[in-house]
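Welcome! Let's take a friendly walk through a protein chain together. Have a look at the picture first, and then we will go through its parts.

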Amino acid sequence: MTAVGTRSTLSALSLAVLLFAGCNSSSTPAANTSTSTAESAPKPAATAEPVAGETALWPMYTAAHGMAPDVAILRLTSKEVPGFTQQDGKAAAWVATFASPSTRIFRVDTYSIVSKPPDFYRGTSAGVKQPWRGESRDEMPLDTSTLSVDSDAAYKTAVADPDTAAWLKKNPDKKLTLIELGNVFRYHAPVWYLTWGDAKSGGYAVYVNATTGKVIKG
């Protein structure tokens, strides 16, 4: 082969290589762009879900220790939040009453899974300090070491009770309206109090021992 022929052949090969490289380089960015777009697409926000009592209680209890080292829990109560229902022993918001025997002050703190001004703000919110008269039959501090049953477990126990199940079957329109934890003097134990409808007018209430997890009769 002549030099001219060799140069012609090399030129042809070079042109083919350049054309092949051009095709590859034009397709690569398209793939990268597609991947980048997928990675940058916003992910759907997680939906806030109602929580059991102790999930709300412990963040509030931790924050309340800033009030006084000997702060004690007096009561934990579920609260209705617009757009959410109380079910399965869970609620969208809870309020806890804390008191300090040494300073004789108390306050009511709030925990909410969402912000619904002016009553609810996401997370823990501290209440205003107020004078406390001290322990009484109606306001007895809870011993946290005796809390073995959370509100959702208490709910399952309550609805499984034959008397409760029978009432709920006859009153399917009655919804869970209140879940409360307190140290009840007459039972000498921490107790979950669950109410369907209005307990004072055609409703139904159940007490569940927060230590043993058993329904309290009588």
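## The overall plan

Reading along the sequence, you meet the pattern α-α-β-β-β-β-β-α-α-β-β-β-β. In total, the secondary structure comes to four helices and nine strands. Please keep in mind that this is a predicted model.

How much of the chain is buried? Of the 218 residues, 37% are buried. It also helps to ask how parts of the chain meet: among contacts with a separation of 6 or more, 56% are between residues 24 or more positions apart.

## Strand β2 and its partners

Let's begin with strand β2, which covers residues 93-100. Eight of its eight residues are buried, so β2 is largely enclosed by the rest of the structure. In a regular strand, side chains alternate between the two faces of the sheet. You can follow this in β2: Ala93, Val95, Thr97 and Ala99 point one way, while Trp94, Ala96, Phe98 and Ser100 point the other way. Both sets are buried.

Which strands pair with β2? Strand β1 pairs with β2 in the antiparallel sense over seven bridges, and there Arg75 stands opposite Thr97. Strand β3 also pairs with β2 in the antiparallel sense, over eight bridges, and Phe98 stands opposite Arg107 of β3. Four residues lie between the strands in the hairpin of β2 and β3, where Arg104 takes a positive phi near 55°.

## Helix α2 and its buried face

Now for a helix. α2 runs over residues 53-64 and has 12 residues. At 1.5 Å a residue, α2 should span 16 Å, and its end C-alpha atoms are indeed 16 Å apart, so the two values agree.

Which residues of α2 are buried? They are Gly53, Glu54, Ala56, Leu57, Met60, Tyr61 and Ala64. Looking down the axis of α2, you would find these buried residues within an arc of 150°, so they line one face of the helix. The cover over them includes β1, β2, β3, β4, α3 and β7.

## Salt bridges

How many salt bridges does the structure hold? There are three. One of them joins Arg107 and Asp109, with the closest N and O atoms 2.9 Å apart. Arg107 counts as buried because its relative accessibility is 9%, under the 20% cut-off. Asp109 is buried too, with a relative accessible area of 0%.

Another salt bridge brings together the side chains of Asp161 and Lys217, at 2.9 Å from N to O. This pair links distant parts of the chain, 56 residues apart: Asp161 is in the loop between α3 and α4, and Lys217 is in the segment after β9. Lys217 also meets the side chain of Asp163 in a salt bridge of 3.0 Å, N to O. Since Asp163 lies in helix α4 and Lys217 in the segment after β9, the pair ties together parts that are 54 residues apart in sequence. Asp161, Asp163 and Lys217 are thus linked in a network of salt bridges. Are the two Asp residues of this network buried or partly exposed? Asp161 is buried at 11% relative accessibility, whereas Asp163 is partly exposed at 46%.

## Two loop residues

Let's finish with two residues found in loops. Gln86 lies in the loop between β1 and β2, and at 6% relative accessibility Gln86 counts as buried. What does its side chain meet? A polar contact of 2.5 Å joins the side chains of Gln86 and Ser78, and a polar atom of the Gln86 side chain lies 3.0 Å from the backbone oxygen of Thr177. Beyond its neighbours within four places in sequence, Gln86 is in contact with several residues, including Lys79, Ala91, Leu176 and Ile179.

Lys116 sits in the loop between β3 and β4. Its relative accessible area is 35%, so Lys116 is partly exposed. Leaving aside neighbours within four places in sequence, Lys116 is in contact with Val81 and Pro82. The C-alpha atoms of Lys116 and Gly83 are separated by 9.7 Å, and these residues are 33 apart along the chain.

Methods
Residues are numbered from 1 along each chain as its sequence is written. This is a predicted model: local features need pLDDT of at least 70, side-chain atom pairs count only at pLDDT 80 or more; totals for chains, interfaces and linings use all residues. Side-chain values use heavy atoms; hydrogens and water are left out. Buried means under 20% relative accessible area, exposed over 50%, partly exposed in between (1.4 Å probe, protein chains only). A polar contact is a pair of N or O atoms within 3.5 Å; within protein, one must be able to donate a hydrogen and the other to accept it, and residues adjacent in sequence count only if both atoms are side-chain atoms. Contact means heavy atoms within 4.5 Å. A salt bridge is a side-chain nitrogen of Lys or Arg within 4 Å of a carboxyl oxygen of Asp or Glu. Two strands pair if DSSP finds at least two bridges between them. The expected span of a helix is 1.5 Å times one less than its number of residues. The arc is that of the directions from the helix axis to the C-beta atoms.
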